[in-house]
Amino acid sequence: MPRIENDIKLDFKDVLLRPKRSTLKSRSEVNLTRSFTFRNSKRSYEGIPVIAANMDTVGTFEMARALGKFSLFTTIHKHYSTEDWKDFAKTSPEFLENVAASSGTGQGDFERLSEILRAVPQVQYICLDVANGYSEHFVQYVKDVRERFPEHTIIAGNVVTGEMVEELLLSGADIIKVGIGPGSVCTTRRKTGVGYPQLSAVIECADAAHGLNGHIISDGGCTCPGDVSKAFGAGADFVMLGGMLAGHSESGGDLIEKGGQQYKLFYGMSSETAMKRHAGGVADYRASEGKTVEVPFKGDVEHTIRDILGGVRSTCTYVGASKLKELSRRTTFIRVTEQLNTVFGASN
């Protein structure tokens, strides 16, 4: 028999952060750097834990160079060749500690990943990415990759519930990607009816991960800097961005001119566009679970990064957190029915 969970599950749009007394005089006093030691690889990380998604319009080498200057992280999409990786390693060795090599779960994926990590041994992060992290096949794949690469830090996902976070951590992953369906170009919820409101998913998955000395990434659903702060406030160790980093000079895809305006294509990795580009089309046994949009061209991503980091610093001053590490401890969420006054439009 089907059952219904009656506990209310919330998204970023359903809450605001309650301000609290603060001793901070300026947002310049806020330290956004985090330090982590990972459960299984035993390796250490230090940086600002915002990550560019491993989508081929976002997780590019150009993005890694731009974000690396701010100590941000990039999961590089899986469609670069080993030669591309070698070129990146040769021209930009200083950014190799802030990138992950991505892989799916096919035999060809494993061989390509192994080849890249042999060719560029400085890469210490692996991102194992599937739409549905609940399959036994995926759990076994995580175990196989852990056995083959015992000292690499493994990111694995996506899932949205605590018990699967625990299983993936116990299978060898270090950081679990949390989010099914919240992305701006993801249509999984429409096509399948499957998903979980992102704020609640992060709160519940962070609780499960931290009990095992694991870490999580909130992946998807952020539309503005305030959402990034809410994800950190909910307990996310890292926040992954796709749509917010699309449409920049460093984003993949060609510039398109329309009516005097410039755009860049942005699409989900399960979209028809992505499958035509990388798999020859949509297989007859599946449906596309992503859409393709034209994003107005925004120029250099540096301006967007400064806006996001400035917003998170400001959040910290409102709740009295001098460090990003303290934000979740200082967070009280208030349920709301309205976020913004949109009388002059909702864009800013």
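# Buried elements and the parallel barrel

Tutor: Phe 61, Met 63, Ala 64, Ala 66, Leu 67 and Gly 68 are the buried residues of helix 1. The model is predicted: local features require pLDDT of at least 70 and side-chain atom pairs pLDDT 80 or more, while totals for chains, interfaces and linings use all residues. Residues are numbered from 1 along each chain as its sequence is written, and side-chain values use heavy atoms, with hydrogens and water left out.

Student: What makes helix 1 mostly covered?

Tutor: Six of its eight residues are buried, a term that means under 20% relative accessible area (exposed is over 50%, partly exposed lies in between; 1.4 Å probe, protein chains only). The helix itself is a DSSP run (H or I, at least four residues; strands are E, at least two; both are numbered from the N terminus). Its buried residues pack against strand 4, strand 5, helix 2 (82-91), strand 6 and helix 10 (301-319).

Student: Why is Val 58 called buried?

Tutor: Its relative accessibility is 0%; the limit is under 20%, and therefore Val 58 qualifies. Val 58 sits in the loop between strand 4 (50-52) and helix 1 (61-68). Leaving aside residues up to four places away in sequence, Val 58 touches Ala 52, Ala 53, Met 63, Leu 241, Gly 242, Leu 245, Gly 252 and Phe 266, where contact means heavy atoms within 4.5 Å. Gly 252 is 194 residues from Val 58 in sequence, yet their C-alpha atoms are 6.1 Å apart.

Student: How do you know that strand 5 and strand 6 pair?

Tutor: Pairing requires at least two bridges found by DSSP. Strand 5 (residues 73-76) and strand 6 (residues 99-103) share three bridges in the parallel sense, so the condition is met. Thr 74 has Val 99 of strand 6 as its bridge partner. Strand 4 and strand 5 also run parallel, joined by two bridges, and Ile 51 stands opposite Phe 73 in strand 5. From strand 5, Phe 73 and Thr 75 point one way, Thr 74 and Ile 76 the other way, and all are buried.

Student: Which strands close into a barrel, and in what order?

Tutor: Eight strands do, in the order 4-5-6-7-8-9-10-11, with parallel pairing. Neighbouring strands of this sheet are turned by 25° against each other on average, direction ignored. Helix 3 (residues 107-119) lies across strand 6 and strand 7 (125-129), at about 155° to strand 6; the axes are lines fitted to C-alpha atoms (for helices, over the stretch in contact), and angles run from 0 to 180 degrees between N-to-C directions. Helix 7 (residues 198-210) lies across strand 9 (175-178) and strand 10 (215-219), at about 170° to strand 10.

Student: What makes the link between the side chains of Ser 103 and Tyr 141 a polar contact?

Tutor: The distance is 3.0 Å, and the limit is 3.5 Å between N or O atoms (within protein, one able to donate a hydrogen and the other to accept it; residues adjacent in sequence count only if both atoms are side-chain atoms). Ser 103 belongs to strand 6 and is buried, with a relative accessible area of 3%.

Student: Why does the radius of gyration of the chain agree with a compact globule?

Tutor: The chain has 19 Å, whereas a compact globule of 348 residues would have near 20 Å; the rule is 2.2 Å times the number of residues to the power 0.38, with the radius taken over C-alpha atoms. Buried residues make up 51% of the chain.
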